[in-house]
Amino acid sequence: MRVYVPLTLPGLAEAYKTGELAGGPLLAYAVTPALREWYLSDDIEELEYAALNRAALASLRLLAADSGAARRRVVVAVDVPDGAATADPDRGLDPSALGEVRVADAVPLAKAASVHVDAGDAEADVAAAAQALAAADGGDDDAQFTVDGAEDHELLWFATQEIPNLVGLAG
């Protein structure tokens, strides 16, 4: 099963250093029954893209909580065994939890299929969105417009071999 793990660049650097996406449980996003029902599509690529975007929003939440992190959303696509990721049945119908799953154990970074990161030109919009997130959650339409502005930026795809360059650890 493919899951999408939201991170920040410092979080990605830590995963690279330790060799794993540490959890306990690890928050991720995947194509869940609730996401399928919400998205109304049978196209697996569209559903995976929706799960990736849900993880990107969760990455934005991590950025809002970490003022020192570079203003780029980061999502790691990881393949885990079927059954390793479980959705909370009590949160399944909560719109904010669509596609949300928990992975009980740490996941080796070697299981990552790809990394998705904002381009540098997205930083200003992502910074503004991170700052506006709390107000958007409170129903402020202008703040939601700002958050949506970050979502207008497509995350770039990177091979896992490029992680050292992404986190500035290339030698």
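Biologist: In this predicted model, does Thr32 count as buried or exposed?

Modeller: The relative accessibility of Thr32 is 5%. Residues under 20% are classed as buried. Because its value of 5% falls under that cut-off, Thr32 counts as buried.

Biologist: Where in the chain is Thr32 found, and which residues does Thr32 touch beyond four places in sequence?

Modeller: Thr32 is found in the loop between β3 and α2, the latter spanning 33–39. Not counting residues up to four places away in sequence, the residues that Thr32 touches are Ala87, Gly99, Glu100 and Val101.

Biologist: Is Glu45 buried or exposed?

Modeller: Glu45 lies in helix α3. Its relative accessible area is 66%, and the class "exposed" begins over 50%. Therefore Glu45 is exposed.

Biologist: How many Å separate Glu45 and Val31 in space, C-alpha to C-alpha?

Modeller: Glu45 and Val31 are 14 residues apart in sequence. In space, their C-alpha atoms are separated by 10.0 Å.

Biologist: Which class of accessibility applies to Ala64?

Modeller: Ala64 is also found in helix α3. Its relative accessibility is 41%, and values between 20% and 50% fall in the middle class. Ala64 therefore counts as partly exposed.

Biologist: Which residues are in contact with Ala64, leaving aside its neighbours within four places in sequence?

Modeller: One of the partners is Leu133, which is 69 residues from Ala64 in sequence but 7.3 Å from it in space, C-alpha to C-alpha. The full set of contacts, with those neighbours left aside, is Arg71, Ala130 and Leu133.

Biologist: Is Ala143 buried or exposed?

Modeller: Ala143 is found in helix α5. Its relative accessibility is 7%, and the cut-off for burial is under 20%. Ala143 therefore counts as buried.

Biologist: Which residues are in contact with Ala143, leaving aside its neighbours within four places in sequence?

Modeller: Ala132 is 11 residues from Ala143 along the chain, and their C-alpha atoms are separated by 5.1 Å. With the sequence neighbours left aside, Ala143 is in contact with Ala132, Ala135 and Ala136.

Biologist: Which residues of the largest nonpolar core touch the most other members?

Modeller: In soluble globular proteins, nonpolar side chains tend to be buried together. The largest nonpolar core here has 27 residues. Those that touch the most other members are Val3, Val5, Leu12, Leu21, Val76, Val78 and Val115.

Biologist: Which element supplies the largest share of this core?

Modeller: Elements that each supply at least two residues include β1 (2–7), α1 (9–18), β4 (74–79) and β8 (112–117). The largest share is 4 residues, and it comes from α1.

Biologist: Which residues is Val78 in contact with, leaving aside its neighbours within four places in sequence?

Modeller: Val78 is among the core residues that touch the most other members. Two of its contacts, Val3 and Val5, belong to that group as well. With sequence neighbours left aside, the contacts of Val78 are Met1, Arg2, Val3, Val5, Leu21, Val107, Lys111, Ala112 and Ala113.

Biologist: How many residues does the second, separate core have?

Modeller: Leu52, Ala55, Val75 and Leu155 are included in this second core. Its size is 14 residues.

Biologist: Which element gives the most residues to the lining of the largest pocket?

Modeller: The largest pocket holds about 270 Å³ of space. Of the 13 residues that line it, the closest to its centre are Leu27, Tyr29, Leu57, Ala58 and Arg61. β1, β3 and α3 (44–65) each supply at least two residues of the lining. The most, 5 residues, come from α3.

Biologist: Which element gives the most residues to the lining of the second largest pocket?

Modeller: The second largest pocket has a volume of about 210 Å³. Its lining has 15 residues, and those closest to its centre are Leu52, Asn53, Ala56, Arg73 and Glu151. Two or more residues come from each of α3 and α5 (141–151). With 7 residues, the element that gives the most is α3.

Biologist: What radius of gyration does the protein have?

Modeller: The protein has 6 helices and 9 strands. A compact globule of 171 residues would have a radius of gyration near 16 Å. The value for the protein agrees with this, so the chain fits the globule rule at 15 Å.

Methods:
Residues are numbered from 1 along each chain as its sequence is written. This is a predicted model: local features need pLDDT of at least 70, side-chain atom pairs count only at pLDDT 80 or more; totals for chains, interfaces and linings use all residues. Side-chain values use heavy atoms; hydrogens and water are left out. A nonpolar core is a set of buried Ala, Val, Leu, Ile, Met, Phe, Trp, Tyr and Cys residues joined through side-chain atoms within 4.5 Å. Buried means under 20% relative accessible area, exposed over 50%, partly exposed in between (1.4 Å probe, protein chains only). Contact means heavy atoms within 4.5 Å. On a 1 Å grid over the protein atoms alone, a cavity is a set of points where a 1.4 Å probe fits but cannot get out, and a pocket is an open set with protein on both sides within 12 Å along at least five of seven lines; lining residues have an atom within 4 Å of a point. Grid points are joined across faces, edges and corners, and a volume is the space filled by probe spheres set on the points. The radius of gyration is taken over C-alpha atoms; the globule rule is 2.2 Å times the number of residues to the power 0.38.
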